[in-house]
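Trainee: Got a minute to walk me through this one? I have the viewer open and don't know where to start.
Mentor: Sure, pull it up and ask away.

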Amino acid sequence: MESVLYVAGLTLVLIYLAFGIDDFLWDIICLLRRFRRQTRKYLEMHKLDSVPPKLLAIVIAAWREENVLEDVIENILVSAQYPLSMYHIFLGVYPNDEDTLLIAKNLERKHANVHVIVNCKPGPTSKAQNINHVIERIKLFEQRRNWLFASMTIHDSEDVVHPLEFKVTSYLLAFHQVMQFPVFPIIEKPTLRNFSRNLTTATYADEFAENHFITMRNRRNLGALVPSAGTGFVISRQAMRYFGNQDVLSKDSLTEDYLLSLSFFERNIHTYYVFERVPRIAENNKLVMEFIATRSLFPNTFKTAVKQKSRWVLGITMRSFSLANILKNKYTGTLKYTHTSNLKSKPMGFVGRYSMYKDLKPKVSNLFSFVGYLVVIYFVVSLFYPTLFPIYPQYSLSWYLSLAVLVIMLKNQISKGIAIFNVYGTRSMFLACLFPPIVSVRTVWGNLINTVATIKAHKQNIVGNSKTPSRKNLVTRDTSKAQGKKKLVWAKTDHSFLGKDTLRRYHRKLGDVLLEKGSITVKQLRRALSESKTRGEKLGAYLVENRIITEDLLSEALARVELIPFVQESALHHYNLSQYAHMFRESLLRELLIVPLLKTLKGFVVAFCYNSSEHAQEVLRQTYRIEVTPVFISEEGILNALSIMYHDAYTHTHSLIMDLYKQSRINYEQVIIAFNYKQLLRREEADILMIMGLYLKETANMPWHSRHKYIVPTIR
């Protein structure tokens, strides 16, 4: 019996050492590489405004999402620090999902940049089919408007999208073809009281923190495979062109997102992991470095977590590629992306193949993770009952090897703790790693979920799923008897969303915008927040009064907070202001401190400043019976504009921007942006409009996938 126990213990420790030593060496290499390289600086936020914003397409596929869809979309629209007219949200819904379709149609009626794409098939199909159908409709949308989207970002219908994601995406498209933003689960502030209630969701937070704070950065830095997370994934037009008129996502995969990123990597298109932080002052007046990441609510029950993770394990480790592919360094055929053959596959280096092996390993390593706890329990009990045979006799080979495994475990726990601390704070780190120490409850629970999910995935891979799916809990089902094949349908999870009070924490405030622009220091902002609160004064008024910022700078910052276009004073001469002089009394405009810039169908776009009359909009409406669309400008800009309007005789030359506006091909916000950057960059109007994706005269009759050649390179 003793020899059998020793052999079993030695076998187990060798398995754990085999699975752990490669990760240990990988992490050491990554750490040494980080020390050798200079400290990487985060992206300077003020640089994001140095280039014109590009047209972005946001794709959200939805099936049975009536509980969350409206709140998710409304939150994006009121929080994104990006011009509303420069990003368009495309909602992929199904004709037989009446509740979701009704909400989507209401959103489309309310917002000009939200579009409903009704699937050509009844739901549910696969998520990949849904997104592919949306992409085809986006191409038609572009052809109708003669526009070009610079990229397509895939998001889930329960995401909290970071306010700066679109702006960062637009800027980085000049450098990267494919990008992945971090994804961090949303968890309730952890306490001992809610510990058990949030246990399952917390294990997601622990795993994603470790993966997206450490692993993904290491993969990016080493040039390894950076997999798509399925949300917050950006594909540039340049990368999209390789698919021609074929499907972008594989409809025959459980994890189409991973397969897509693997296809790019095989063809030497590296996914850039966008790991950026932005400074903010929290409610407790402390500086925090907030991740520009996607936040989502994850399953909170053992059953739903197992269901979701079994799909991940099955799709990634069993259906995407095999160990033979890695050893042979050949993947064509396995990836099912033969239609991208115009982009030739290249042999992967060792780092790339090794990162794929790491993705393949969980289908085996997960099966042994929970067995280790049984060994630990036996070992602890044997310390108190000498009559039990020791599983690792002191100073034996297995004893020394178990010490090595213990060192690896401690290293992993420390790395995990560092990641959780940076993403979620001290309290989460303590409950995740030190409650109790060494073998924490959250770690054990997470490993149990992974073990059961892996067993379930192996079962499905071998014998399939014998249960008939319900409408809400979907798995593989036979939808094509004529072909004799099983088609994949959407294995979705029911979602919930955050309340409005919670969501406001993610929205930008005046201080956040000033910090991002570099207009104020952290010390100045902290003091201003404290003293303005004591005086009962608005922060903006305090900053101007104490000459920390100017009124002009305040107006520009407030425009960003309120998501209203800001007009640069230097660009005023591009507007034909004198044509409106006979329509308004100069004395009234000067009294109200406002100026009309552009005519709309039922009124005017009117520029306001920080000191404009509070009743200016109402006075204009009642006096002239017009609709008023407000924009921001500096006070000096208003005075200058009024002088131009009534006293200066400008000779206005032909303007392509104004022609497109009069033809209703671009809106007032796009006009303001184009004129601002025309003045800033000293470029021709056609160039600015092409960079933005709004003018493509040369490409009107060209196939969609050929138009990318006519995009003017962004100024870096």
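Trainee: Let's start at a random click: where is Leu 383 placed?
Mentor: Leu 383 is in helix H13, which covers residues 371-384. Keep in mind that this is a predicted model.

Trainee: Is Leu 383 buried or exposed?
Mentor: Leu 383 counts as exposed, because its relative accessible area is 56% and the cut-off for exposed is over 50%.

Trainee: Which residues make up the nonpolar surface patch with Leu 383?
Mentor: Besides Leu 383, the patch is made by Leu 374, Val 376, Ile 377, Phe 379, Val 380, Val 381, Phe 384, Tyr 385 and Leu 388. The patch comes to about 940 Å².

Trainee: OK, zooming out. How many helices and strands are there in the protein?
Mentor: The protein has 27 helices and 16 strands.

Trainee: And what share of the residues is buried?
Mentor: Of the 716 residues, 54% are buried. As for the outside, the accessible surface is about 33400 Å², and carbon and sulfur atoms account for 56% of that.

Trainee: What about contacts, how much comes from residues 24 or more positions apart?
Mentor: Among contacts with a separation of 6 or more, 77% are between residues 24 or more positions apart.

Trainee: Let me go inside, then. Which strand is Met 179 found in?
Mentor: Met 179 is in strand S5, residues 178-180. Met 179 is also buried, with a relative accessible area of 0%.

Trainee: What is Met 179 in contact with, leaving aside neighbours within four places in sequence?
Mentor: Its contacts include Thr 169, Leu 172 and Leu 173, then Gly 232, Phe 233 and Val 234, and also Thr 271, Tyr 272 and Val 274. You can also check His 270: it is 91 residues away along the chain, yet the C-alpha atoms of Met 179 and His 270 are separated by 8.5 Å.

Trainee: Changing topic: which residues of helix H15 are buried?
Mentor: In H15, residues 426-433, the buried ones are Ser 428, Met 429, Leu 431, Ala 432 and Cys 433.

Trainee: And what covers them?
Mentor: The cover includes helix H6 (199-222), helix H14 (397-424) and helix H16 (441-463).

Trainee: Aromatics next. How many aromatic pairs are there?
Mentor: The count is 34 aromatic pairs. Take Tyr 204 and Trp 312: the ring centres are 6.3 Å apart and the planes are at 90°, so this pair is edge-to-face.

Trainee: Which parts does that pair tie together?
Mentor: Tyr 204 lies in helix H6 and Trp 312 in helix H9 (residues 302-318), so the pair links parts that are 108 residues apart in sequence. Tyr 204 is buried at 0% relative accessible area, while Trp 312 is partly exposed at 25%.

Trainee: How do Phe 370 and Tyr 373 pair up?
Mentor: Phe 370 and Tyr 373 are also edge-to-face, with 5.5 Å centre to centre and 75° between the planes. Phe 370 is partly exposed at 25%, and Tyr 373 is buried at 14%.

Trainee: Which rings are linked into a cluster?
Mentor: Ring pairs link Phe 184, Phe 213, Tyr 273, Phe 275 and Phe 291 into a cluster. Phe 213 has a charged partner too: Arg 217 lies over the face of its ring, 4.9 Å from the ring centre. Elsewhere, the charged end of Lys 599 sits over the ring of Phe 604, 5.4 Å from the centre.

Trainee: Last topic, then. How many salt bridges are there?
Mentor: The count is 31 salt bridges. In one of them, Arg 508 meets Glu 290, with the closest N and O atoms 2.5 Å apart.

Trainee: Why does that pair tie together parts far along the sequence?
Mentor: Arg 508 is in the loop between helix H17 (500-503) and helix H18 (510-517), and Glu 290 is in strand S10 (residues 287-291), so the parts are 218 residues apart in sequence. Arg 508 is buried at 5%, and Glu 290 counts as buried at 15%.

Trainee: What about Glu 531 and Arg 527?
Mentor: Their side chains form a salt bridge at 2.9 Å, N to O. Glu 531 and Arg 527 are four residues apart in helix H19 (residues 522-535), so about one helical turn separates them. Glu 531 is partly exposed at 24%, whereas Arg 527 is exposed at 56%.

Trainee: And which residues are joined into one network?
Mentor: Salt bridges with shared partners join Arg 280, Glu 290, Arg 508, Asp 512 and Glu 516.

Technical notes. Residues numbered from 1 in each chain as written. Predicted model: local features only at pLDDT ≥ 70, side-chain atom pairs only at ≥ 80, totals over all residues. Heavy atoms only, no water. Buried < 20%, exposed > 50% of the residue type's maximum accessible area, 1.4 Å probe, protein only. Helix = DSSP H or I, 4+ residues; strand = E, 2+ residues; numbered from the N terminus. Contact = heavy atoms within 4.5 Å. Phe/Tyr/Trp six-rings, centres within 6.5 Å; stacked < 30°, edge-to-face > 60°. Lys NZ or Arg CZ within 6 Å of the ring centre and 35° of its normal. Areas by Shrake-Rupley, 256 points an atom, 1.4 Å probe, with all protein chains shown as cover. Patch = residues over 30% accessible without salt bridge, like charges linked within 9 Å, V, L, I, M, F, W, Y side chains within 5 Å. Salt bridge = Lys/Arg side-chain N within 4 Å of Asp/Glu carboxyl O.
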